[in-house]
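Biologist: Please take a close look at how one sheet in this model is put together, and explain each term for a first-year student as you go.

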Amino acid sequence: MKNKNLVYLVILVVLLGVAGWLITSKNDGGTLERKMDYNFTIKDTADIDKIIIKDKSPAEVTLTREGKEWILDNKYRARQGAMKTLLGTLYRMELRNFIPEKMKEIVLKRMSVFGKEVQIYKNGELFKTIYVGTETQDEMGTYMMIKGSDAPYAVHMPGFNGFLSTRFFTEQHLWKSRDVTHMDPRNIREISMVYPDSSAASFKVQMFSPDSIFVTQLSTGKVLRRVNMVKTRLYIGSAARMKYEGAILPTDPIYARRDSLLNSNPVFEITVKDTNGKTTTLEGYHIKAAEGMMNDAGIEHKYDPDRMHGFINKDEMVLLQYAGLIEIIKPLDYFITP
């Protein structure tokens, strides 16, 4: 009888253990599923190879990883700094707090109007879709929702005081790299710099090999004999990495004057040809100085001393900085060895 009771006791213990395991497993599954609803952090960002951002305007950008660089809309080189910020945000952002039930409907309505859809791909497959909404009331977080979850959540980035929605923008010109040229200096075949108001300062640099570089005065066709090769190679390197400050859009007032600018004489016109025959031209045009702008000697400036309007290939209108082109806007005698 004692043995029989012992058997019953063992069976009871086993059954209770199995029941407890089933209950625990069910609860763990629910917890895991719940965590997936607000698991906004993506730690393995190195596996991300494509990001698509859409808004309600509608506007859309596609960012694709190609080797070590990111490409915008399969056409342009993306701003690598902006991509670093975006990937860093995906890596660090996390749940800040749950949203009160009474707030959910309001947040969802605002998200349906102002929200952005962010599709994140890993190794060619869609990994996660996140809806990015507006900022929280204290502007220290951002409402977000993972596709397939049952509610939005307040998300933040530890150590960052502010909202995150502005990092998921859809304006193509903001994502686009501000490169005028982006190449290996060894792939440059010829650089021509023309100063319409100073033909004597205009020149051409030709590179047939790293050890075969010639500088020619354009007005005379004369090849310089005493050339400073250190300066010449530095110039070629600068020409391979020219940048502009920002894009000028059709909505900008100055855009309406693009034709009149193109029909006037530029301050300079530089043309870079590579070994494959590709040609890139950059022109710079004076900007009238603001009234009352004086130099250090108290003389009023005629032109803005810091910026110019520019055109890339006589098409794309941009804003240029003198400081950014200080190694490019050089006269012929810059290359001459004393």
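**The sheet and its surroundings**

Modeller: Among contacts (heavy atoms within 4.5 Å) in the protein chain between residues at least 6 apart in sequence, 57% join residues at least 24 apart. The model is predicted, so local features need pLDDT of at least 70 and side-chain atom pairs pLDDT 80 or more, while totals for chains, interfaces and linings use all residues. Residues are numbered from 1 along each chain as its sequence is written, and side-chain values use heavy atoms, without hydrogens or water.

The protein chain has six helices and 18 strands (DSSP runs numbered from the N terminus: H or I of at least four residues for helices, E of at least two for strands). Nine strands form an open sheet in the order 13-12-11-10-15-16-17-18-14, with antiparallel pairing (at least two DSSP bridges between two strands). At the edges stand strand 13 (222-223) and strand 14 (246-247); each has a single partner strand, so one side of each is left without a neighbour in the sheet.

Within this order, strand 10 (residues 188-194) and strand 11 (residues 203-209) run antiparallel and are joined by four bridges. Ile191 stands opposite Val205 in strand 11. Helix 5 (residues 229-239) packs on the sheet, where it touches strand 10, strand 11, strand 12 (212-217) and strand 15 (268-274). The direction of helix 5 makes about 90 degrees with that of strand 10 (N-to-C directions of lines fitted to C-alpha atoms, for helices over the stretch in contact, on a scale from 0 to 180 degrees).

Strands 16 and 17 of the sheet order also help to line a pocket, the second largest (on a 1 Å grid over the protein atoms alone, an open set of points where a 1.4 Å probe fits, with protein on both sides within 12 Å along at least five of seven lines; lining residues have an atom within 4 Å of a point). The second largest pocket is lined by 14 residues, and Asn265, Tyr285, His286, Ile287 and Tyr303 lie nearest its centre. The elements that give two or more residues to this lining are strand 16 (279-288) and strand 17 (303-312). Strand 16 gives the largest share, four residues.
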